[in-house]
Amino acid sequence: MNVVMIGAGYVGLVSGACFAEFGASVVCVDKQEERITALRQGKIPIYEPGLEDLVRKNADAGRLSFTTDVAGSVAKADLAFIAVGTPTRRGDGHADLKYVYAAAQEIAENLQGYTVIVDKSTVPVGTAREVARVISKTNPDADFDVASNPEFLREGSAISDFLRPDRVVLGVESERAEARLRELYRPLNLIEAPLLVTGLESAELIKYAANAFLATKISFINEMSQLCEKTGADVNAVAKGMGMDKRIGNKFLHAGPGYGGSCFPKDTLALNRMAQEYGVGSRIVEAVVEVNASQKARMVSKIREALGGSEADKRIAVLGLTFKPETDDMRDAPALAILPALIDRGATICAHDPEGMDEARPLLPEAMEYADTIEEALKDADAVVLMTEWNQYRGLNLRDVRDTMRGDVFVDLRNVYERGLMEAAGLQYTSVGR
Ligand code: NAD
Ligand code: UDX
């Protein structure tokens, strides 16, 4: 089975490497030359645990290669996946589909023999049909089908999510396309991963509905965290008690600084936009977006209050910048909303992140300082803010922390620690919803 993956980013690279692991012959295409040059040398442009080894293993076995040449790779492909970005379009919240249609156009110009063109990017309902239209218009003789195969992997655990998925969704319209996709995913039969076959529209909407529902759980518990703070309840206990009900489930009920990342923020906006365009609205998801913005703003006030009412002239050590641990991705990280607000009010910030500092630098104010070690970040700090729950920050020696700092304020935005331990180490502890 010959597969071409257009786009070698977080999704394209992981999917390409995993399809190669399944035994397919995969070519990953990216228009960024430096990315392809690096990949050919075995250098992985993103931080994703396990990806470097998987890429090397499959490249060495001759099943995975990298190119900027769409033409040659598409001509040989049985399946051409589109895994390019679909960022928020400026101004209206819609998913910007220009990269998807540009990829479709390039695929169309180079098709030879029957090919299935598969949207792996997250795209609004109707995009697969539009991709088909672009292809037919560009190449009226092309023998092809379109399909939708949305991707549910999480950054940080992308490879295990891909190799052991809860389900694979295939939106198809022809038996030929379904047979090809089933053949590609056949190795998952061994672990009995469910394969859900639907129409194109349902597959496209499943992806948005799933992401919006997960974001809803997070905004719900974040809203509860505020009520917990007012009433004296503990949000961890509330989430635990809720999650023990199997109808609710215990996942994605962890209160924090608000969801970030390359998917939830943009996909909730795009879903709202889509619902508006179809004239039906999506009041719940609109509220989810609003609650998420106010949760980030609430974190700024929380830090200010912990500092005694003003962050002016205070030195703050920030542990963690990325939107979640085990990734270097800074897209829509809560840090990007919270830290500039503190700097605007006169705080000095020194941040540490195990993998995200290079990505963060161009996105954060120039006044930010960065530390190579946790200790360097903590030095002379009036307060510590634990922003992202990297493992490195879960087992801090709290007495050492207190001794290295100037002040004694510890703001734990991920509820990693317990108040008793903090107070025993002489730290004033603030967390979320407790
Ligand atoms: P990304 O920005 O990391 O990667 C996209 C890549 O596509 C870039 O390297 C870019 O250079 C390349 N590209 C763009 N146009 C191209 C073209 N015409 N030819 C060749 N290469 C081209 O994006 P990502 O995070 O991998 O996301 C891709 C899609 O997958 C998005 O729709 C996203 O919503 C979806 N998705 C992402 C995740 C995630 O965790 N990142 C999870 C599930 C779904
Ligand atoms: C998400 C979806 O989980 C995945 O299925 C989809 O394919 C892409 O988007 P990802 O963005 O990589 O994955 O990370 P995820 O683990 O879902 O976390 C997203 C954000 O929500 C992070 O900022 C995280 O800190 C936050 N979060 C998650 C919470 O605040 N509380 C939780 O309980 C879970």
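This report describes the domains of a predicted model and the surroundings of its two ligands.

## Domains

The protein is divided into two parts: domain 1 covers residues 2-198 and domain 2 covers residues 199-434. Taken over C-alpha atoms, the centres of domain 1 and domain 2 are 32 Å apart. In the contact between these domains, domain 1 supplies 39 residues and domain 2 supplies 29 residues.

UniProt, in an unreviewed entry, places the feature "domain: UDP-glucose/GDP-mannose dehydrogenase C-terminal" at residues 317-419. Helix makes up 27% of the chain over residues 317-419, and strand makes up 17%. The end C-alpha atoms of this stretch are separated by 19 Å.

## Surroundings of ligand 1

Ligand 1 is surrounded by 25 residues. The closest of them are Val11, Asp30, Gln32, Thr86 and Lys266. By class, the shell around ligand 1 holds eight nonpolar, eight polar and nine charged residues. Domain 1 (2-198) and domain 2 (199-434) both contribute residues to this shell, so ligand 1 lies between them.

Several side chains place polar atoms by ligand 1. In the side chain of Lys266, an N or O atom is 2.6 Å from an oxygen atom of ligand 1. Arg331 has a polar side-chain atom 2.9 Å from an oxygen atom of ligand 1. For Ser262, the partner is a nitrogen atom of ligand 1, which lies 3.1 Å from a polar side-chain atom of the residue. On its own, ligand 1 has 830 Å² of accessible area, and the protein covers 92% of this.

## Surroundings of ligand 2

There are 18 residues around ligand 2, and those that come nearest are Phe152, Leu153, Glu155, Lys207 and Arg414. The shell around ligand 2 consists of nine nonpolar, three polar and six charged residues. Helix H9 (residues 200-231) gives three residues to the shell around ligand 2, the largest share. Both domain 1 (2-198) and domain 2 (199-434) give residues to the shell, and ligand 2 therefore lies between the two domains.

The polar contacts of ligand 2 include backbone and side-chain atoms. A polar backbone atom of Glu155 is 2.7 Å from an oxygen atom of ligand 2. The side chain of Arg414 has an N or O atom 2.7 Å from an oxygen atom of ligand 2. In the side chain of Lys324, an N or O atom is 2.9 Å from an oxygen atom of ligand 2. Taken alone, ligand 2 exposes 660 Å², of which the protein buries 91%.

Definitions and conventions: Residues are numbered from 1 along each chain as its sequence is written. Chains are lettered from A and ligands numbered from 1 in the order in which they are written. This is a predicted model: local features need pLDDT of at least 70, side-chain atom pairs count only at pLDDT 80 or more; totals for chains, interfaces and linings use all residues. Side-chain values use heavy atoms; hydrogens and water are left out. A residue is near a molecule or strand if one of its heavy atoms lies within 4 Å of it. A polar contact is a pair of N or O atoms within 3.5 Å; within protein, one must be able to donate a hydrogen and the other to accept it, and residues adjacent in sequence count only if both atoms are side-chain atoms. Accessible areas come from the Shrake-Rupley method with a 1.4 Å probe; for residues, only the protein chains shown count as cover. Ala, Val, Leu, Ile, Met, Phe, Trp, Tyr, Cys and Pro count as nonpolar, Asp, Glu, Lys and Arg as charged, and the others, Gly among them, as polar. Domain bounds come from an automatic or database domain assignment. UniProt positions are given in the numbering used here, feature names are shortened, and annotations may be inferred rather than shown by experiment. Helices (H or I, at least four residues) and strands (E, at least two) are DSSP runs, numbered from the N terminus. Contact means heavy atoms within 4.5 Å.
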